[in-house]
Amino acid sequence: MKRVTVLGATGGVGYALTKELLSRGVHVNAFARNESKLSAMFGMEQNVEIFIGDALNENDVRHAVAQADAIYHALNFPYDKWEIKQLRCIDLLIKVAKEENKKLILADNIYAYGNKGMHVSEKTVKQPNTKKGKIRLQMEQRLFQSGLPVLIVHLPDLYGPYAENTLIHETLRLAIQSKKANYIGCSSQHREYLFTMDAAKAIADLSLQDDSYNQNWNVSGSVIKGDELLKHIRDETNTTKGFRIVKRPMIRFLGLFSKQMKELVEMMYLMETPVYLDSSKLRDYLGGWEPTPYEIGVRETILWLKHESK
């Protein structure tokens, strides 16, 4: 592919994907709503064309994908807008991709797998137990039924530069300010996180190969105990304020005052009985797969946060 469009280019995965594709000589149409963010991120890049628009506006999307070979869906909608926007967006992208003859790549999450509480492979039957998981499964089904060349990449919780809508972002942000930081979940529980740059590399590797399409792919991070992750954060930030462990009752209480917190309650099962991705298929296909160690990924994310806070 010579030129692609990345929708949601100012988000964590969108930014990482844009940078990764550029490093491989691919010209990128970077699409997002915020012109100032797009310009700050990519204004100095020679092979990026900036497109400002709304992913639910057909004319905006058509304009951004007209010269592209493929569309990367890295958009992220607020939880309380999912029921309104997620399926409208995927239907619009399928329509445009069909009419414009484009490949369609979705950076997906793990919600459709449901409350498995174990390692899941691409062969695991998806039985979502939340409304967000059911929406994600519908997105997947509509893509596979479209007849398009589609690629669905499942990612665990993320962290990295510009990944500001992630659970771990606020923990990192407050820690570098030497404030007591919230950690959502149980600190004694193991969880899986993936560095956004690793997600981008895997998605790029897969999407640039024709035989990877019309399949699901799992991209695993590393499983780490909460206490161990917080130690990495403490070591890199030198914070002395400690961490506040936030569990379901507190999220439910905060949901009385915040739509986002209210929507987060149903996803708390992922902090209590985590779902871990099995990347055996990816490892066999690529001839190996090793995510970035936390000491490196956390350090790079903190360096970016410190730079952004200046």
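This passage describes strand pairing and helix placement in a predicted model. Residues are numbered from 1 along each chain as its sequence is written, and because the model is predicted, local features need pLDDT of at least 70, side-chain atom pairs count only at pLDDT 80 or more, and totals for chains, interfaces and linings use all residues. Side-chain values use heavy atoms, with hydrogens and water left out.

Strand β4 (residues 70-73; strands are DSSP runs of E with at least two residues, and helices DSSP runs of H or I with at least four, numbered from the N terminus) is covered on both faces, with A70 and Y72 buried on one side and I71 and H73 buried on the other, where buried denotes under 20% relative accessible area with a 1.4 Å probe and protein chains only. Strand β4 pairs in the parallel sense with β1 (residues 3-7) over four bridges, pairing requiring at least two DSSP bridges between two strands, and L7 stands opposite H73. A parallel pairing over four bridges also links β4 to β5 (residues 103-108), in which I105 is the bridge partner of Y72. Together with helix α4 (residues 82-100), β4 and β5 make a right-handed β-α-β unit; right-handed signifies that, with the strands pointing away from the viewer, the path from the first strand over the helix to the second runs clockwise.

An open sheet of three strands follows the order β8-β10-β12 with mixed pairing. Strands β8 (157-159) and β12 (222-225) stand at the edges, each with a single partner strand, so one side of each is left without a neighbour in the sheet. Strand β10 (residues 190-195) pairs with β12 in the antiparallel sense over four bridges, and S222 in β12 is the bridge partner of Y193.

How values were computed. Buried < 20%, exposed > 50% of the residue type's maximum accessible area, 1.4 Å probe, protein only.
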